[in-house]
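Subject: The structure, and what I found in it

Hi there,

Here is the structure I promised to send over. Please have it open while you read, and tell me if anything is unclear.

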Amino acid sequence: MNVLNKRWAAAAAAAAGLVLLTACGSGGSSGNSSGGAVTLGFAQVGAESGWRTANTKSIQESAKTAGIELKFSDAQQKQENQISAIRSYIQQKVKVIAFSPVVESGWDTVLKEAKTANIPVILTDRAIDSPDKSLYKTFLGSDFVAEGKKAGEWLTKEYGSATGDVNIVELQGTTGSAPANDRKKGFADVIAADPKYKIVASQTGEFTRAKGKEVMEAFLKSQPKIDVLYAHNDDMALGAIEAIEAAGKVPGKDIKIVSVDAVKDGMQALADGKINHIVECNPLLGPQLMDLVKKVAAGEQVPARIETKETEFDQAAAKAALPQRQY
C-alpha cells in the first residue's frame, strides 16, 4: 500500500505541475486543442504612417483575442531588419511566420530557410515577386493595381471635359515596395488612354508626411503649373497640403488631390475639401490574419490569395464615415 500511495502522490504532483505549466504557457489565453497557444512571429514594416499604426494595433489586439502568442518586430522600413527578425523566429521555432515585406524582391533565401524548418509563412498587406509560390502559404491584402486604377478613373471623370493638358505630380510610396509599384502602374494604365494627362513629376515621398511635404515643396518650385496631385497614401498627401498652403495655394481647388488609404486624418482633410477623392486601403487585417494563422498551424488548406474589401470616398461619404472611423 505504501508503494501505491507514493505512486499516486507522484502522479498527482505531476498532474498539478502540468496544469501550472499550461496556465503559464498560454499567458491566460484559451490556447488551442494542442494544449498551448499557437506562436506567431510577425515582422512589421515599421510605423511610417497612420495606416501602418492602425495595422499594427489590429494585429496585436486580434492576436490577444484569438489566444495567439505574438512575437512582434518593427523593421523601421529596412529589409535587413525584417530578414533578421524572420531568422530569429525560425531559431525560436515559432509555429507560423507572417510579415508585410518592405520591398518586393530579395526574400527567397530567408523564406527557403523557413520552409526547411517546416514553418509556414503568410504574407500580409504586401506581396513579393518570387516565382517560387511554395515559399508562402497565402497572401492576405489589397489589390494595389486596382487602387491605382480607381484613382485614375476618378481623375479621368473629373477632367473628362478639359480641353488643355492636365498636369499631374505623383508622390510615390517607398521605392521597390509592392504598393508603390502597383499603385503607379494602375494609375498610369488608366490615364494612358488620353494624351492630355501628363505626369510632369514623380518622386518617392517614402509614405511619410514629412517626406511628402519636402517633395511637394520641390515640385512647386520646379513645376510652373500643377493641376493634380496623386499621392500613393494619405500621409504624403497631408504633408503635401502643408507645402501647398505655405506656397499660397488652396489644396482641393488650385491643386486637386487624389490619394489612397482613407485613414482618419486623410478623411478629415477630404471632409474639409482639402483632398478631393480617397481610394480606401483597409489596414484592419488582424482578425482575418489570425483566422489564417490558426488554419495554417493546423495544416489546413487556405486560398493562395485573399483580398480585403475596400471602397472609395468623396467629400459626402467621408463626412458620413468619420464618426465611426476606427483608424
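Below is a walk through the two sheets, a few helices and one lysine. Please keep in mind that this is a predicted model.

**The sheet with strand 1**

One open sheet has 6 strands in the order 2-1-3-4-5-11, and its pairing is parallel. Strand 2 and strand 11 sit at the edges with a single partner strand each, so one side of each has no neighbour in the sheet. On average, neighbouring strands here are turned by 20° against each other, direction ignored.

Strand 1 and strand 2 (residues 69–74) run parallel and are joined by 6 bridges. If you want a place to look, find threonine 39, whose bridge partner in strand 2 is glutamate 69. Between these two strands the chain passes through helix 2, and this β-α-β crossover is right-handed. Further along the sheet, strand 3 and strand 4 are also parallel, with 3 bridges between them. There, phenylalanine 99 stands opposite leucine 123 in strand 4.

Helix 3 (residues 79–91) lies across strand 1, strand 2 and strand 3, and runs at about 170° to strand 1.

**Helix 2**

Does the length of helix 2 fit, and what do its buried residues pack against? At 1.5 Å a residue, its 17 residues should span 24 Å, and the end C-alpha atoms are indeed 24 Å apart. The buried residues of helix 2 include Trp51, Arg52, Asn55, Ile59 and Ala66. Their packing partners are strand 1, strand 2, helix 8 (234–246), strand 9 and helix 10. After helix 2 comes glycine 67, which has a positive phi near 75°.

**Helix 10**

Helix 10 covers residues 286–297, and its 12 residues reach 16 Å from first C-alpha to last, close to the 16 Å expected at 1.5 Å a residue. Which of its residues are buried? They are Gly286, Leu289, Met290, Leu292, Val293, Val296 and Ala297. These residues cover an arc of only 160° around the axis, which puts them on the same side of helix 10. The spacing makes sense in general terms: an α-helix has 3.6 residues a turn, so residues three or four places apart point the same way.

The cover over these buried residues includes strand 1 (39–44), helix 2 (50–66), strand 3 (96–99), strand 4 (121–124), strand 5 (138–141) and strand 11 (305–307). Just after helix 10, glycine 299 takes a positive phi of about 80°.

**The sheet with strand 6**

A second open sheet also has 6 strands, in the order 7-6-8-9-10-12, and here the pairing is mixed. Strand 7 and strand 12 (312–313) are at its edges; each has a single partner strand, so one side of each is left without a neighbour in the sheet.

Strand 6 (residues 166–172) is mostly covered, with 7 of its 7 residues buried. Both of its faces are covered: Val166, Ile168, Glu170 and Gln172 are buried on one side, and Asn167, Val169 and Leu171 on the other.

Strand 6 pairs in the parallel sense with strand 7 (residues 197–204) over 7 bridges. Valine 169 has alanine 201 of strand 7 as its bridge partner. Together, strand 6, helix 6 (residues 178–191) and strand 7 make a right-handed β-α-β unit.

Strand 6 also pairs in the parallel sense with strand 8 (residues 228–231), over 4 bridges. From here you can step across the sheet: leucine 171 stands opposite alanine 231 in strand 8, and alanine 231 stands opposite serine 259 in strand 9. Strand 8 and strand 9 (residues 256–261) run parallel and are joined by 4 bridges.

Helix 9 (residues 264–271) lies across strand 10 (277–280) and strand 12, and runs at about 150° to strand 10.

**One lysine to look at**

Lysine 185 lies in helix 6. Is its side buried or exposed? Lysine 185 is partly exposed, with a relative accessible area of 45%. Lysine 185 and valine 145 are 40 residues apart in sequence, while their C-alpha atoms are 6.4 Å apart in space.

Happy to go through any of this with you.

Best wishes

Key. Residues numbered from 1 in each chain as written. Predicted model: local features only at pLDDT ≥ 70, side-chain atom pairs only at ≥ 80, totals over all residues. Heavy atoms only, no water. Expected span 1.5 Å × (residues − 1). Buried < 20%, exposed > 50% of the residue type's maximum accessible area, 1.4 Å probe, protein only. Arc of directions from axis to C-beta. Contact = heavy atoms within 4.5 Å. Pairing = 2+ DSSP bridges. Right-handed = clockwise from strand over helix to strand, strands pointing away. Axes fitted to C-alpha atoms, helices over the stretch in contact; angles between N-to-C directions.
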